[in-house]
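Here are my notes for your first reading of this structure. Please keep the sequence and the 3D view open while you go through the points.

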Amino acid sequence: MKKTHKLRAVALIVTLLLALSALASCGSTPPPPLEEVKDELISLIDASAEINTVFFGSGLDVYDREGTDEEKLIYEGLSDALSGYEMVRPDAKFLSVDAIKEAADKVYSPTYLDGIYEMVFDGYADEISGVTRAKFLEWEGGFYQNSSYESYIGEKRTYNYDTMKIVDPSTGEYLNIEIESELDGEKMTIILSFTLTENGWRLDSPTY
């Protein structure tokens, strides 16, 4: 629980830094009326739940290495490079890195996704955790998920869309939206950020 709260706190700091950076590079174009963009923003928030689960939650459906005899047979003879990984099931929502990226790109901004892509598709290293292998791995035609990846999110955060309002600082290219939400029985008013791209508005902050 403490790690989850720490992650959310870090996410809020990153969101603020992204917002300040984006606003510094934007002009003084006034933000659009909420009525003009509300449906698009709501659609992005709704779609983000699935992407959040893939990146920060339970991920995709896999064949359990410790499951049925049939599932265990799948892992016989696999390369040692795949130790710690489980094969993504063919009926899972996404079956490749490109498929995940295609869905995520429709929801989140490139700036927000850059660091996440590096973490989940390439892996990373730091002084505290050491080396953390990629969450998803394509190997010899198969698609695999790291079984040791910790899920940082559980219950889906819900939003009261009737409470949405644009707050400062906001421009025609970058919006900060104040909205009431609820998670684990706790109600909280939060700020969600959106940036205007050539393909429309995209979330520029986490929604979990």
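1. What pattern does the protein follow, read along the sequence? The order is α-α-α-β-α-α-β-β-β-β-β-β-β-β. Please keep in mind that this is a predicted model. DSSP runs give five helices and nine strands. Of the 208 residues, 44% count as buried.

2. Next, helix α4. This helix covers residues 97–105, and its buried residues are V97, I100, A103 and A104. Seen down the axis of α4, these buried residues fall within an arc of 135°, so they line one face of the helix. D98 and E102 are exposed on the other side of α4.

3. Which residues gather in a patch of negative charge on the surface? They are D98, E102, D105 and E138. Helix α4 gives the most to this patch, with three residues. D105 is found in α4. The relative accessible area of D105 is 40%, so this residue is partly exposed, since exposed would require a value over 50% and buried a value under 20%.

4. On K93. This residue has its place in the loop between β1 (85–87) and α4. K93 is exposed, with a relative accessible area of 57%. Compare its position with that of V54: the two are 39 residues apart in sequence, while their C-alpha atoms are 9.6 Å apart in space.

5. How many salt bridges does the structure hold? There are three. In one of them, the side chains of E71 and R89 meet, with an N to O distance of 3.9 Å. This pair links distant parts of the chain: E71 belongs to helix α3 (residues 69–74) and R89 to the loop between β1 and α4, with their positions 18 residues apart in the numbering. Is E71 buried or exposed? E71 is buried, because its relative accessible area of 14% is under the 20% limit. R89 is partly exposed, at 27% relative accessibility.

6. R89 also has a second partner to look at. The side chains of R89 and D91 meet in a salt bridge, at 3.4 Å from N to O. D91 counts as exposed because its relative accessibility, 56%, is over 50%.

7. The strands contribute a salt bridge as well. E178 forms one with K165, and the closest N and O atoms are 3.4 Å apart. Here too the pair links distant parts of the chain, with E178 in strand β7 and K165 in strand β6, 13 residues apart. Both residues are partly exposed: E178 has a relative accessible area of 24%, and K165 has one of 43%. As for the bridges with shared partners, they join E71, R89 and D91 into one network.

8. Now the backbone. Most residues other than glycine have a negative phi, and most peptide bonds are trans. Please check the exceptions listed below against the model.

9. Where is E140 found? E140 is in the loop between β4 (136–139) and β5 (142–146). Its phi is near 50°, a positive value in a residue other than glycine. E140 is exposed, with a relative accessible area of 75%.

10. D184 should be checked in the same way. Phi of D184 is near 55°, which is again a positive value in a residue other than glycine. D184 lies in the loop between β7 and β8 (186–197). With a relative accessible area of 48%, D184 is partly exposed, because the value does not pass the 50% limit for exposed residues.

11. Which peptide bond is cis? The bond from D168 to P169 is cis, with omega near 0°. P169 is found in the loop between β6 (158–167) and β7 (174–183).

Note on methods
Residues are numbered from 1 along each chain as its sequence is written. This is a predicted model: local features need pLDDT of at least 70, side-chain atom pairs count only at pLDDT 80 or more; totals for chains, interfaces and linings use all residues. Side-chain values use heavy atoms; hydrogens and water are left out. Patches are made of residues with over 30% relative accessible area and no salt bridge: like charges are joined within 9 Å, nonpolar side chains (Val, Leu, Ile, Met, Phe, Trp, Tyr) within 5 Å. Accessible areas come from the Shrake-Rupley method with a 1.4 Å probe; for residues, only the protein chains shown count as cover. A salt bridge is a side-chain nitrogen of Lys or Arg within 4 Å of a carboxyl oxygen of Asp or Glu. Lys and Arg count as positive and Asp and Glu as negative; His and the chain ends are not counted. The place of a charge is taken as NZ of Lys, CZ of Arg, CG of Asp or CD of Glu. Helices (H or I, at least four residues) and strands (E, at least two) are DSSP runs, numbered from the N terminus. Buried means under 20% relative accessible area, exposed over 50%, partly exposed in between (1.4 Å probe, protein chains only). The arc is that of the directions from the helix axis to the C-beta atoms.
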